[in-house]
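Thank you all for making time this morning. I would like to walk you through one model, beginning with its charged side chains and ending with its surface.

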Amino acid sequence: MRAVTAILLSLALPLCAAEKKASRSKLDEQIRAAEAAFQRGDAEGALRTAGAAVKDHPDSVRARYFRSELYSTMKQYGPAVADLTAAIKLQPGVPDLYQARGVAHFRNVDMEAAIKDWDE
């Protein structure tokens, strides 16, 4: 479980560079709370907390990316794709977002969309 949390955090952290410092602090708290819930085995609570982070920070690529990783970890690939699509709309030039969405499409058995994202 710790490995999953470490992977989620390491993937989400680089996406915070463009966010305002004040709102990042609240977002950091929400992400830590979601991680703690996930580590306790409360996946639904983690998703609720991540959802609150997305609601509170609607322009945050990091919040959407983090929640997409939770969805993917829980094998809910459709919502993961939706969050990654929203993140790409917010910040279209980030290759890692296309890679992650390609993986989510692949796991959701949508090979055509996966290949399109990987080509991007």
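Let me begin with a network of salt bridges that links Arg64, Arg67 and Asp83, where a salt bridge is a side-chain nitrogen of Lys or Arg within 4 Å of a carboxyl oxygen of Asp or Glu. Before I go further, please keep in mind that this is a predicted model, in which local features need pLDDT of at least 70 and side-chain atom pairs count only at pLDDT 80 or more, while totals for chains, interfaces and linings use all residues. Residues are numbered from 1 along each chain as its sequence is written, and side-chain values use heavy atoms, with hydrogens and water left out.

As for confidence, pLDDT is the predictor's confidence in each residue, from 0 to 100, and the protein chain averages 87, with 80% of the residues scoring at least 70. The mean is lowest, at 52, in helix H1 (residues 2-12), and highest, at 97, in helix H5 (residues 77-90); helices here are DSSP runs (H or I, at least four residues), numbered from the N terminus.

Returning to the charges, a search of the whole structure finds five salt bridges. In one of them Asp83 pairs with Arg64, and the closest N and O atoms are 3.5 Å apart. Asp83 lies in helix H5 and Arg64 in helix H4, so this pair ties together parts that are 19 residues apart in sequence. Asp83 counts as buried at 2% relative accessibility, and Arg64 is buried as well, at 17%, where buried means under 20% relative accessible area, exposed over 50%, and partly exposed in between (1.4 Å probe, protein chains only).

Another salt bridge joins Arg101 and Asp117, with 2.6 Å between the closest N and O atoms; it links distant parts of the chain, since Arg101 is in helix H6 and Asp117 in helix H7, 16 residues apart. Arg101 is buried, with a relative accessible area of 13%, and Asp117 is buried at 5%.

By contrast in setting, the side chains of Asp56 and Lys26 meet in a salt bridge of 3.3 Å, N to O, which connects helix H3 (residues 43-56) with helix H2 (residues 21-39) across 30 residues. Asp56 is partly exposed at 38% relative accessibility, and Lys26 is partly exposed at 42%.

What, then, is buried in H7? The residues are Ala113, Ala114 and Asp117, and they lie on the same side of H7 because they cover an arc of only 100° around the axis, the arc being that of the directions from the helix axis to the C-beta atoms. The cover over these buried residues includes H6, whereas the face turned away from the buried side carries the exposed residues Glu112, Lys116 and Asp119.

H7 (residues 111-119) also gives the most, three residues, to a nonpolar patch. That surface patch, of about 490 Å², is made by Phe106, Val109, Met111, Ile115 and Trp118; patches are made of residues with over 30% relative accessible area and no salt bridge, with like charges joined within 9 Å and nonpolar side chains (Val, Leu, Ile, Met, Phe, Trp, Tyr) within 5 Å. Accessible areas come from the Shrake-Rupley method with a 1.4 Å probe, and for residues only the protein chains shown count as cover.

Finally, Val109 sits in the loop between H6 and H7 and has a positive phi of about 60° although it is not a glycine.

Terms used. Helices (H or I, at least four residues) and strands (E, at least two) are DSSP runs, numbered from the N terminus. Contact means heavy atoms within 4.5 Å.
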